[in-house]
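Colleague: Please show me the model, and then let us discuss how some of its side chains pair and how two of its helices pack.

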Amino acid sequence: MNVADDERGRVPFALVGVLLLVASATTTASLAGQDPAPTRTRADRAADRVETGASVAVAGAARTALRAAARNPVVSPADSRYGAALSADSPFRDALALRIYARAERALGNVTATAGNVRASVSLTRIRSPADAERAIDRVAVEQVNDSLVRVTVEDVRVTLRRNGRVVSRSRTNVSVTVESATLELASRVSRFEALLDRGALAGPGLDRRLTDFLHRVVWLRGPMQYAGLPIANVLANRHVELMTNRALLSLQRSAFGRVDGDGSEAYRSARARVGVTDVVAATERAATDRATAALGGHRSARADSRTRDGYGGADGSARGSGDADTDAGDTDEQSNRGLGGAVSTGPLSRLGATGSGHRSVPVGVNVTADRAFVGLVDGSGRFSLDRLLRAAYTAVGRRTVTVSRVDTAVDRSGRAPENWSLAETTTDRTTRVSGQPPASSPLPGDYRRTSRHGRRVVVTEETVRRYVRDGKERTVTETRRRTYRVTVAVGFRFQQPAGVPAGSDVESVLANPVARVTQALRERISARATRQLVKRAGGVDSLARRAVAGEQVNRDVLLRLAPSDAVRERALAAASALRDRAWNVSANVSMAELASGDTPADELRNRVDGLYGAPGTHATAGGRAVAAVRVAYLEAVAERLRSRQANAALSGSGAALGAHAIEDVPRASPTKVDAGSVASVDGSPAYLTLAEVDSSLAPAVETSYHPLAARNTNWFTLPHGDAADAVLSRVFDDPPRTVGLGTAGQSLRAANRTLSVAENETLRDRRDRLRGAVAESLTAAGSAYRSVLYASNVSFTVAERRAVTRRALDRWPTLAARAKAVANGSAARAVGVAAVRVADVTGTRRDVLLARLRAAAPTVVARSSVEVEAELVGAAARSVRSVGRALAREALTEATGAAAERVVARARRSYASVTPAGLPLVPVPGYWYATFNAWSVSVRGSWARFAVRARGGSPVGPGEGTAYVREEEPVAFDVNGDGDPERVGRNERLSFEVTTTVAIVVPPGPQGVGDVDGQRTETSSGW
């Protein structure tokens, strides 16, 4: 029987087909009604939600921190635990980052999210120590997007996922948010303003240059007026200094903020009017207080009224008044061209002409500045340090790069899962085996030099055992998965400029240049350092391979700091020494008119100094690059010291007509090069810096009365010339200061000796002997000062050797007067250096450094109080010299004629030629001089009790106001470690400034002369 014929229990095939079709349709419908497999787990959703909450929390923390940082910024770190975490170079930024981190840490602690039975949380490491604070600062990046937006990124935020209370995942992420705040923009504007306040005259536009120019304008109008016969007793008074300082400050506000303090502008105009009246009548001690009351008292109510309208100092939202344009002079060409020639066309003043003395050239030399820059470089006391530069030149970045590639995966299974059995347990055992293998090609970037490369074969074995049970029985199924990886660990380096080098400097450019060749010895040193820091400290190559295969980020960069060899240091020192000798003789001529108009010899001097050396674009070795960096650093140090030297010889052109009383108004239509941007108002308190004492009645922000401004100005030569005969026979000696320089004392001693040689006078002899004793004591003090320089030098001397050196050096001059002159003009310092070199028998760079130290110390030695001489002794001797000499000369003029009289006059003149004149005659000869010179040394210092710059928008700080950046004297403290108590981290400081300058004038010869004739050589304000 075959199957076809067998009909037992047979089911028709058609029926079977129908059943299969129905069953298939039913199953398909059932499956279609179910949800597909989810693409996102509950853990994913919880993580997303908690990261969103973290962004909100960080944004809130950032806004609060930015607001607090603007209201009380950190200007200098505190001497405290957490103050030490702030960098002295960027305390504001570091404190802001620390504020953000501390607030974010506490805010994130309250952020959680759930999805089903999964709970997500975020956190930051709490700050518990200064080291934690430093790491916290590094983990916060603050970036200014525009005037009113700031991007804040907090790194290393921990994200933890828990399912039913059990941790299932830990990860780290960065949270970046953008918030609205003008804090960084306002801080930047205030920093620019502060830089303008601090900048020296030769460094560029700033308070020094503008104030110098404005004071020159006062002197060059009032001085010629006095010379012309107008009754001006005080050419430059402190009232002018006060007014011109405030005028310059308004000009700088316009340059930094695009607008000025409206109340300050109005107060300036009020004070200007009062100074104009004062210049007509006699000035009194009460004048400063009257000016302060008039300038400040009338503007507080006006400020309150305007802020009632809209909260920003002006009805249209801009500051009232105007300031100067962002130019050196602050005047238009039309104003400058008017000059004194147009103001006075007849009389003695017209002899000055349109050009006057302003077009005479003044030589400006480097001189001892070259030695001081050299010593500062060697000692590390200047902007650049020799040792720091050499270390910077040998600073490299070491890089560790680890690459992983999977080469094989093998899976073995022992059996298969039994059907209808329940999975009871799964266990996994993971083992990693590392063995050696040739490395793959280097993954380092092209600009890195490889020092080492290592290859590893890593086999990761995962054995998974699954246990199944049914009816009391159990079975196990084992799956073994082997993954084989190829790992290459490469270590390399490249030279990189460290962060300590000033940005934008020529030194930075030199250190950024490539090094063509690395010597074998240096390569070995770098390789050893890189291996130690990047491989050994990481546990070795095997450990790095394991970590990389496990998915850990093991790529890393480190700084490699190596000390240069002694030979390189000697080369660098010798190179700087050679440049010093050449720089000493560099000089430039600049006309007085150019100096007055804002042009200074700084550019020409820098060009000439820079021309002494041109750094190549590449360097053969690291040592060559180090030497080049030192040479460029020395030249920059010279240029910087030249900028700090005041333009003492600068004379101003006549300048614009300063009004009826030598005072010019603030230009009302001056264009500005600076857009105000987000700056809505500038608010200084007091608005006008006065020489008078100010308290809360004049400026509400002043809690304790103080002097906002203090000034001292000294007229070099204070009395006018007498008649023509006296002008030939005498120099008028003004009431002397308490002490005078040794050079002046020596000249007076020499004059007394010469006078006594031609005429006996008991009074003069007695005064001469006392002066001689004082000069001898000063010379002893000078010798002691030189021995102190030798003691602190780079060469060792015994006590006896130091004494022998100074004695041998000063014995070159036979008289006390000659020795005093040698000490004053620096010749003695050079002689001490020559003698010291012979005694120590040093050569090469040690000799150069020793000589430079002594030459550089010469001005400091002369300025010591112990070296100066009591002024009364010098003055008494000078008066006797003048009296005796005048009597002799007049007698000779009466009794002698012709050549005999001229010889007597010449001999008498030599006796008192050293006595300081008033209104110095330039190149005087009997009966004639070609011009009269005078000058004023002016020192000003001042500060605002409170200085605020405001912007609309951002987080509000009070009713009707926007973001305010405030500078005042206050400690800065906030809760760093979350214990509820604020920690002191720094100080906010007042905006302050200090300027010392010299203004000068030259007028034609004549009996009137030029200078202050009110009997007061030095005028000092009450707050000085």
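**Salt bridges and a helix pair**

Modeller: Arg 765 is partly exposed, with a relative accessible area of 30%; partly exposed lies between buried (under 20%) and exposed (over 50%), for a 1.4 Å probe and protein chains only. This is a predicted model, in which local features need pLDDT of at least 70, side-chain atom pairs count only at pLDDT 80 or more, and totals for chains, interfaces and linings use all residues. Residues are numbered from 1 along each chain as its sequence is written, and side-chain values use heavy atoms, without hydrogens and water.

Colleague: Which residue meets Arg 765 in a salt bridge?

Modeller: A salt bridge requires a side-chain nitrogen of Lys or Arg within 4 Å of a carboxyl oxygen of Asp or Glu. For Arg 765 the N to O distance is 2.8 Å. The partner counts as exposed, at 57% relative accessibility. It is Glu 760.

Colleague: How many residues apart in sequence are Glu 462 and Arg 430?

Modeller: The closest N and O atoms of this salt bridge are 3.4 Å apart. Glu 462 lies in strand E10 and Arg 430 in strand E9 (strands are DSSP runs of E, at least two residues; helices are runs of H or I, at least four; both are numbered from the N terminus). The pair therefore ties together parts whose separation in sequence is 32 residues.

Colleague: At roughly what angle do the axes of helix H22 and helix H23 cross?

Modeller: Axes are lines fitted to C-alpha atoms, for helices over the stretch in contact, and angles run from 0 to 180 degrees between N-to-C directions. The axes of H22 (residues 742–758) and H23 (residues 762–791) come within 10 Å. They cross at roughly 145°.
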